[in-house]
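Reader: I have a structure to look at for class. Could you go through it with me?
Author: Certainly; please place it where we can both see it.

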Amino acid sequence: MKIGILGTGNVGRTLAARLVELGHDVVIGTRDVAATEAKAEAEFPAPLRTAPEAAAHAELVINATGGQVSVAALQGAGAENLAGKVIIDVSNPLDFSNGFPPHLAVCNTDSVGEQIQRAFPDARVVKTLNTVNAEIMAYPAKLADGDHTIFVSGDDADAKATVTQLLREFGWLDIVDVGDITTARGTEMMIIQWVRLMGPLGTLAFNYKLVR
Ligand SMILES: NC(=O)c1ccc[n+]([C@@H]2O[C@H](COP(=O)([O-])OP(=O)(O)OC[C@H]3O[C@@H](n4cnc5c(N)ncnc54)[C@H](OP(=O)(O)O)[C@@H]3O)[C@@H](O)[C@H]2O)c1
């Protein structure tokens, strides 16, 4: 599949590497190609393009930008390049402006997933993967042989089916469709507990497992 990833942080780079490994046609979008290429830590497993070029290339777009800037980042990619497309939203609206622990910039009655769906009504937003770290997103089998849970939220059944297939390619086994895009509120709020578990557990490689 032709996939455009917006976000050049750890998540964007890790998902890009995994998708290339799985044989997908991936480009990574950034606001300033030259500035991003010049970053010392940056190694890009797929071609780096402007955000509009990456979105135009894609049948499916992944939003891996900060939750507080996601709508702006997607606006930068151009609504015309997102129309009709599936957008996987992995963002969290974590606000570290008052240090640790962070709070959520949006929660309870709204979510970044919903903000994106409202801003781009012609796109089909699916919230998923935001409840685990980048390595586990891409390689779930590295933790407990994949015996743990990932959630999907979205209004469009076909889009959720496409995303579920991609999650299976990553190795996800227990994929729970929580419901429409408003259910992204719950999965975004789960991150508040996740960041508080990092210290006591002493690792980023953990996840929730739903038992029923
Ligand atoms: N790190 C994890 O393991 C993890 C786990 C779960 C969920 N998440 C979520 O995944 C998302 C990505 O996380 P990350 O740690 O990889 O990266 P990040 O540092 O949260 O975000 C990096 C990206 O945000 C973009 N960005 C920053 N300010 C922007 C602005 N004003 N307008 C447009 N774009 C802007 C940057 O774009 P440029 O390339 O243009 O500079 C960069 O690509 C976040 O929402 C995070 O909460 C992360």
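Author: One definition is needed at the outset: Ala, Val, Leu, Ile, Met, Phe, Trp, Tyr, Cys and Pro count as nonpolar, Asp, Glu, Lys and Arg as charged, and the others, Gly among them, as polar. Please also note that this is a predicted model.
Reader: Okay, so how do the residues of the shell around the ligand divide?
Author: The shell around the ligand holds eight nonpolar residues, 15 polar and one charged.
Reader: And which residues come nearest to the ligand?
Author: Of the 24 residues around the ligand, the nearest are Gly-9, Val-11, Arg-31, Ser-91 and Asn-92. Two elements, α1 (10–21) and α4, each give two or more residues to this shell.
Reader: You mentioned α4. At what angle do the axes of α4 and α5 cross?
Author: The axes of α4 (residues 70–77) and α5 (residues 112–119) cross at roughly 30° and come within 9 Å. Angles under 35 degrees count as roughly parallel, so α4 is roughly parallel to α5.
Reader: Which residues meet there?
Author: From α4, Ser-70, Val-71 and Leu-74 meet Val-112, Gln-115, Ile-116 and Ala-119 of α5. Five residues of this contact are nonpolar, two are polar and none is charged.
Reader: Switching topic: in what order do the strands of the sheet come?
Author: Eight strands form an open, mixed sheet in the order β3-β2-β1-β4-β5-β8-β9-β10. Its edge strands are β3 (48–50) and β10 (174–179), each paired on one side only.
Reader: How do β8 and β9 run, parallel or antiparallel?
Author: Strands β8 (residues 124–128) and β9 (residues 149–154) run antiparallel and are joined by three bridges. Thr-128 stands opposite Val-152 in β9.
Reader: What does helix α8 touch?
Author: Helix α8 (residues 184–201) packs on the sheet and touches β8, β9 and β10.

Notes:
Residues are numbered from 1 along each chain as its sequence is written. This is a predicted model: local features need pLDDT of at least 70, side-chain atom pairs count only at pLDDT 80 or more; totals for chains, interfaces and linings use all residues. Axes are lines fitted to C-alpha atoms, for helices over the stretch in contact, and angles run from 0 to 180 degrees between N-to-C directions. Helices (H or I, at least four residues) and strands (E, at least two) are DSSP runs, numbered from the N terminus. Angles under 35 degrees count as roughly parallel, over 145 as roughly antiparallel, 65 to 115 as roughly perpendicular and the rest as oblique. Two residues are in contact if their C-beta atoms, placed from the backbone, lie within 7 Å. A residue is near a molecule or strand if its C-beta atom, placed from the backbone, lies within 6 Å of it. Two strands pair if DSSP finds at least two bridges between them.
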